[in-house]
Amino acid sequence: MPTTLNTLRKIRQAVDNRPAEIDDLKAAGAKVVGWINYNVPEELILALDLVPVRLGRGGDDHLVEHGSRWISTKNCVYVREIVGLFAENEDPYVKATDLVAVDATCMQVFRAGEVVQHYFNKRIAILGVPRNFATPEGGEYFRHELKHFAGKLEEFAGRKLTRSALADAIGLLRGIRSGLDELYTWQAADDALIAWEEVLDVVQAGNVLDRRQYIVLLRELLSELQEKQATDEIRDKFQDVRIFISGSIIPPGDRKIIHILEDLGARIVGDDIWSGLAPQLDVDVVEPTVEAIADAYLGRVPHGALPYLDLASDRRLANLGKLLERFQAHGVVYHTLRYCDPYTFKGTETKTVLQNKGIPFLELHTEYASSDQEAIRTRAEAFVEMVRNRNLIEA
Amino acid sequence: MSATFAEKPARKLFEYPESLREAFIRTEGISFGNGDHVTSAEIWDYMTLEAPARFPHSFDTRPAYGGRLSSDVEFFSGIKRAWFAISLKDRALKASQLGVPLVLTQGGQTMEPYYAAGGIPLRPGLVMQWARDMQEGLSLRESDARGVEILEAGRNRVSIDACNQIAAHAAIDNGVVPIALVAPYLALRCSDMAYLTESHRNHKRGIPLQVVDFPIDQEGKPWAADLVASELRKMVAKIAQLSGKKVTDDDLWENIRYANTARGLAREIHHLVWNAPELPINSSDLGAIPHLANDFQGDPVATIQLLHQIRDEVNARIAAGVRGHGVQKDPKRLFICGSCVGPNQHNVERSGGYCAGRDDSWNLLTLEVEENGDPYQALAESILSYPYEQPTEKRADWTIQAARDSKARGVIFMYQWGCNYQSGVSRMISDIVKAKTGLPTTFIEVGELGRSEATEQSENRVEAFLEMI
């Protein structure tokens, strides 16, 4: 669906220009921190005047194959593609990265970090993450870890963190997160001018763009939506099947199930994936200190790779329920990548939980190869049809 | 008319020669922590009469069966070790009926806290076997089929991507075995344990759950040890709640002393074997020792006695110049890396090799827990020092030393299908070992954890590797 929004075109242009900008920054002495996983706080990277980029792509079977030669065929395709990116060394952000920061949320990603360090001579900084994110002891451990990690970043940057620089970075990222949250509300509206996939593109543009330029563009996009909502002719209404995407990561480059669902006339209205909305939610840094950042990250929606033993009080599932309501979703497509155990092992359980609430659920277990495209299409089509019929009956 | 499968005569089972009975029953029996004592005569009768009838699969002799009994029938402490393993089912059931909580834990991790809290820890491999043995009289093929049935029930409920250890979790959920608590360490040795533990939370049985966090990149970080120590306290409290025991530091120290003793004996036995002019015991008998010394199979007191007997018998064999049955002259020694699985040791020996050691379980036996200060802190610091759980480059350096100590001429990294963490570093460890030592290395994926069929592919690869050496 071609966009009618000028700012989206500007954002895409900015993404196209970014590799050359980073080259210029590096030529002028800037250092790039490429980070992978979920819990690396960009606040620290920005406050040290380092250039943050979130690394990782998906959807490229060739890179998966390349990566699996160094890691293994029993790692998830996203992890294999990360390793493939380093092995191939053509991705501009991988090439530009001076330090790879990896948090140990998903341990497969941590393993990928070890492989990258060993075979591709990349400098690595590890941030330990407690499995028990919700316990006081886990919190205490994470605060220590983040202080230690901050020390490594300071050493790499050759400068110390200051309260004012931290306050600036915290404010900047707070603004970005709140803007993205607002954008998600826009895309879910009945007469939305922006589609969920476009919002995902905007979120993922934020992985690489200069964060100060990014927040300006984000605000401009929100203003444009406000203006056009009031004055422009509204685009064709979307179809009536509102789908929510949950499960494994959908990184830049991986659009297989999204395009299948769109081709089938379904409308995606929200997600809780770790490359989408989830990292933007519930981050409340109350003061410009490393400890406060640690506490804020502990308060976020926990990642599925952190096991939680009590179903009734699981915040990830509670958040899923809240978002389904917020985005008025009719059904959930639970996307799992082969060998992504954290999300795959929760598939049946999530289905049970949602079925108890009367919410239709479809798990799509896939890889980046195209060989399962039609099998997925058949299953997705049946699901969309079923939800559509259900909506008609309920209407 | 040819016989149908069901009508085929039963396969001849492995037998201990009656001519050895007299010598065997003159050896020491085994005493347990609760005061029970089993004589050697009782062990002999169990292994020659009762066990073959109740667990015929354990006595199967087909080459594909990697878990078959050691053929070294004159290594009497080896027979006792086999008895200790096969009779675990009865001991565990009896303990459970007496109110002792049986706890599913992670393999290859230290077990003192579980015993100190009045529980019995069982790793997934033991629970998987126990679940099969709840139905007695099964042939190897029938036992395999039962195992697969339990395993697939688990995969249906949780995920097709789960490794074979899901059979242990399914057996618990389905009430096949009376496990009272699932409480593993979440170490890097296993990618499935965390999520399989979590998966119980949605099951109607409502089994209690607890995990012990295992921080990575832990070196030089006192806060990592603090976290593990507090997690151990919570786990001990949870087990104690079930056992009704009031756990003191002395209980911890007592079990730490047991474990340190067992570790010391296991190290001594390994060094005796590695440095003997003739290898005095075969790969099966040697390979069972790290597991025994690590998890105690239900009773630390009995385990230590057994290890003493093994050590003494190994010494006697070395003095007499005896070579273990099945071991060829100057075999090609292999050091094995990776979790849960290893080559079929009988077939390695048939091909002129010898499994001289493996990092799984053995690595933690190379360390002792400091016997001073706070016992939880001492355990935590030891746990965080396990070579297996270090950053991979450091683990590879430890592997090199272990391969040298065992005089290995090749290193095989083997991992089970579905294991994301071990598979992910199999190449790296193999490459580092090869680059730094010149030893040939390889890495092999297998799917036969807990199974004894369709093993030809991995057999072929191990054989080819041995031939190449």
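In what order do the four strands of the open sheet in chain A stand? Select them in this predicted model: the order is β2-β1-β3-β4, and the pairing is parallel.

Next, pick out the edges. These are β2 (51-54) and β4 (123-127) of chain A, each of which pairs on one side only. From one strand to the next, the twist averages 25 degrees.

Zoom in on β1 (residues 32-36) of chain A. This strand and β2(A) pair in the parallel sense over four bridges. Show Val32(A) and you will find Val51(A) of β2(A) standing opposite.

Now add α6(A) to the selection. This helix lies across β1, β3 (99-103) and β4 of chain A, and runs at about 155 degrees to β3(A).

From α6(A), move on to the contact between the chains, to which chain A gives 38 residues and chain B 44 residues. On the side of chain A that touches chain B, the elements giving two or more residues are α6 (107-120), α7 (136-157), α14 (341-344) and α15 (347-356). The largest share, seven residues, comes from α6(A). Colour this side of chain A by residue type: 16 are nonpolar, 13 polar and nine charged.

Last, go to chain B and select Ser406(B), in the loop between α17 (392-405) and β8 (410-416). Is Ser406(B) buried or exposed? Ser406(B) counts as buried because it has 25 C-beta neighbours inside 10 Å, and the cut-off for buried is 20 or more. Beyond its neighbours within four places in sequence, Ser406(B) is in contact with Trp274(B), Arg333(B), Phe335(B), Ala356(B) and Gly357(B). For a distance check, the C-alpha atoms of Ser406(B) and Asp45(B) are separated by 36 Å; along the chain these two are 361 residues apart.

Key: Residues are numbered from 1 along each chain as its sequence is written. Chains are lettered from A and ligands numbered from 1 in the order in which they are written. This is a predicted model: local features need pLDDT of at least 70, side-chain atom pairs count only at pLDDT 80 or more; totals for chains, interfaces and linings use all residues. Two residues are in contact if their C-beta atoms, placed from the backbone, lie within 7 Å. Ala, Val, Leu, Ile, Met, Phe, Trp, Tyr, Cys and Pro count as nonpolar, Asp, Glu, Lys and Arg as charged, and the others, Gly among them, as polar. A residue is buried if 20 or more other C-beta atoms lie within 10 Å of its own, exposed if 12 or fewer, and partly exposed in between; C-beta atoms are placed from the backbone. Two strands pair if DSSP finds at least two bridges between them. Axes are lines fitted to C-alpha atoms, for helices over the stretch in contact, and angles run from 0 to 180 degrees between N-to-C directions.
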